[in-house]
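Student: Could we go through how the helices and strands of this protein model are arranged, one step at a time?

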Amino acid sequence: MITVVIPARNEARTIKETLGQLRRLEPLVLQTIVVDDYSTDGTAEEAQRWGSVLRTYTIQNKGRPGYGSAIRTGLAWAAEPWVTIMTADGSDNPADLCTMAEQATFQMVFGDRWPHGRPAAYPLVKYLANRLGNRWIARRTQTPYTDWTNPFKLYPTAWVQEILPQCTAPGMSAGLEIALRVWQRHPEFQIVPQDWRARERGHSKFHLSTPADYYQTVRRVLA
């Protein structure tokens with residue numbers, strides 16, 4: 001029913017736990033695609049160990065290194081009726097897919113990471129920047145949704161693959177571009193609170209250039 005796309009760069013320490021949790025969701029999750037984004041720590045090998053017990057396909061990012069080309073590579077391989085993007089770092093709770101699937105009838109389901117405010121482990125400055133940026137996007141889209149930069153959304157696979165050729169955003173802004181382009185064609189969606197937490201191990205892929213990439217993506221897509 002659902003394909004889960006997981007872009008992963010140097011996440012060997014966390015990918016095992018994420019895939020183990022997804023295994024418990026069979027038969028809801030029928031395909032898992034780990035896109036190895038030029039890792040150097042054995043991430044691909046760790047993911048491949050799950051191939052025989054979970055429908056996990058480990059493929060190499062075919063484009064330039066980076067989150068954007070990695071998720072586009074994975075989404076193009078999605079074969080189930082529904083698809084989502086999850087992090088490899090343990091921030092997203094796979095169990096939330098059960099709630100999202102219950103809401104997914106003929107429309108999309110968008111996760112909300114902040115139903116209870118800022119998690120204690122999340123940096124205050126980063127949280128405030130996130131809230132300001134997402135509220136600006138909510139005003140631009142004239143929607144009540146204030147977590148547009150969150151890639152954890154459940155889409156009909158056909159809708160995503162239809163707009164993929166238009167998507168070129170780099171880095172973390174790629175998930176935002178996909179959400180905006182699908183929403184432009186199919187504007188109805190449900191919002192579901194997430195059991196999200198800040199990553200506990202490894203290093204965040206967030207860069208100082210990420211807010212500027214988000215801004216440019218919104219301006220380009222919604223122009």
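The questions below deal with a pair of helices and then with a strand.

Tutor: This is a predicted model, in which local features need pLDDT of at least 70 and side-chain atom pairs count only at pLDDT 80 or more, while totals for chains, interfaces and linings use all residues. Residues are numbered from 1 along each chain as its sequence is written, and side-chain values use heavy atoms, with hydrogens and water left out.

Student: Are H7 and H8 roughly parallel or roughly antiparallel?

Tutor: Helices here are DSSP runs of H or I with at least four residues, and strands are runs of E with at least two, numbered from the N terminus. The axes, which are lines fitted to C-alpha atoms over the stretch in contact, with angles from 0 to 180 degrees between N-to-C directions, come within 9 Å for H7 (residues 173-185) and H8 (residues 210-221) and cross at roughly 20°. Because angles under 35 degrees count as roughly parallel and over 145 as roughly antiparallel, with 65 to 115 roughly perpendicular and the rest oblique, H7 and H8 are roughly parallel.

Student: Which residue in E6 is the bridge partner of Phe-110?

Tutor: Strand E5 (residues 108-112) and E6 pair in the antiparallel sense over two bridges, and two strands pair if DSSP finds at least two bridges between them. In E6, the partner of Phe-110 is Lys-153.

Student: Which residues of E6 are buried on the side opposite Lys-153 and Tyr-155?

Tutor: In a regular strand the side chains alternate between the two faces of the sheet. Both faces of E6 (residues 153-156) are covered, where buried means under 20% relative accessible area, exposed over 50% and partly exposed in between, with a 1.4 Å probe and protein chains only. Lys-153 and Tyr-155 are buried on one side, and on the other the buried residues are Leu-154 and Pro-156.
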